Amino acid sequence: MKDVTKGVLVVGVVLAASAVLLPWPDARADSDRRASHLAAPTHAVFEAECGACHLAYPPGLLPAVSWTRIMAGLEQHFGENAVLAPAVAADIRAYLVAHAADAQGMAWRWGEAADRAASGAPLRITETAWFKHEHDEIAETVWRRPAIGSPANCGACHRDAVTRGFDEHRIRIPD
């Protein structure tokens, strides 16, 4: 009986230790999805056309319906005429939709589903609950610093966002 109790105790300790020390498959999968969600774009036409005016935002930052709405309104793209040749626009739209957050299986946390239900689809990454959650410690005065300008200027703090994505360990907030 003593050996059985000792064996059960050893198995219990091993299981408890592995639960703490080893990530569960779901945690690894979620981490991989998050990394993909924030990965730098890999579509040359998108990077060239959209990246000519602003950071070519990773498609995983918005759901497909948002990218569809954005691409449908290029004649008035946040105050600018960004109309593209129809074939170029269709190519970019297909890339964005195929790599959008929901297409990647990225869970919409922190109220994102409510954002979509309330507005149809967010058009600005900075207005999503996810963005607000990730940047909630940033004061409004920081956004207005000349080197930053606005929350949409991701590259000001995420200096290697174009090549490496949004690694939160590589952030440098300008003075």
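## The largest pocket

About 680 Å³ of space lies in the largest pocket. Keep in mind as you look around that this is a predicted model. How does anyone find a space like this? Rolling a probe the size of a water molecule over the atoms shows where empty space is left.

Which residues should you look for first? The lining of the largest pocket is made up of 30 residues, and those nearest its centre are His54, Leu55, Tyr57, His77 and Phe78. Two elements, H3 and helix H4 (64-72), each give two or more residues to this lining. By character, the lining of the largest pocket has 21 nonpolar residues, six polar ones and three charged ones.

## The second largest pocket

Now move on to the second largest pocket, which holds about 340 Å³ of space. Its lining counts 23 residues, and Glu134, His135, His158, Phe166 and Ile171 lie nearest the centre. The elements giving two or more residues to this lining are helix H7 (129-134) and H8.

Which element gives the most to the lining of the second largest pocket? That is H7, with three residues. Sorted by type, the lining of the second largest pocket consists of 15 nonpolar, four polar and four charged residues.

## Aromatic pairs

Next, try looking at the rings. A pair of aromatic rings is described by the distance of the centres and the angle of the planes. In the whole structure, a search finds two aromatic pairs. One of them joins Phe46 and Tyr95: the ring centres are 5.5 Å apart and the planes make an angle of 40°, so the pair is called tilted, since that label covers angles that are neither under 30 degrees nor over 60.

Where do these two partners sit in the chain? Phe46 belongs to helix H3 (residues 44-50) and Tyr95 to helix H5 (residues 86-98), so this pair links distant parts of the chain, 49 residues apart. Are the two residues buried or exposed? Phe46 has a relative accessibility of 2% and so counts as buried. Tyr95 is buried too, at 9% relative accessible area.

## Salt bridges

Side chains of opposite charge can pair when their charged atoms come close. How many salt bridges does a search of the whole structure find? It finds three.

Start with the one between Asp160 and Arg170, where the closest N and O atoms are 2.5 Å apart. Asp160 lies in the loop between helix H8 (140-143) and helix H9 (161-164), while Arg170 is in the segment after H9, so the pair ties together parts that are 10 residues apart in sequence. Asp160 is buried, with a relative accessible area of 13%, whereas Arg170 counts as partly exposed at 40%.

Another salt bridge joins Arg144 to Glu140, with 3.8 Å between the closest N and O atoms. Here Arg144 is exposed, having a relative accessible area of 55%, and Glu140 is partly exposed at 49%. Why do these two get separate labels? The cut-off for exposed is over 50%, so Arg144 at 55% is called exposed and Glu140 at 49% is called partly exposed.

The remaining salt bridge to visit is between Glu127 and Arg124, whose closest N and O atoms are 3.7 Å apart. Glu127 counts as partly exposed at 43% relative accessibility, and Arg124 is partly exposed with a relative accessible area of 39%.

How values were computed: Residues are numbered from 1 along each chain as its sequence is written. This is a predicted model: local features need pLDDT of at least 70, side-chain atom pairs count only at pLDDT 80 or more; totals for chains, interfaces and linings use all residues. Side-chain values use heavy atoms; hydrogens and water are left out. Rings of Phe, Tyr and Trp (its six-membered ring) pair if their centres lie within 6.5 Å; planes under 30 degrees apart count as stacked, over 60 as edge-to-face and the rest as tilted. Helices (H or I, at least four residues) and strands (E, at least two) are DSSP runs, numbered from the N terminus. Buried means under 20% relative accessible area, exposed over 50%, partly exposed in between (1.4 Å probe, protein chains only). A salt bridge is a side-chain nitrogen of Lys or Arg within 4 Å of a carboxyl oxygen of Asp or Glu. On a 1 Å grid over the protein atoms alone, a cavity is a set of points where a 1.4 Å probe fits but cannot get out, and a pocket is an open set with protein on both sides within 12 Å along at least five of seven lines; lining residues have an atom within 4 Å of a point. Grid points are joined across faces, edges and corners, and a volume is the space filled by probe spheres set on the points. Ala, Val, Leu, Ile, Met, Phe, Trp, Tyr, Cys and Pro count as nonpolar, Asp, Glu, Lys and Arg as charged, and the others, Gly among them, as polar.
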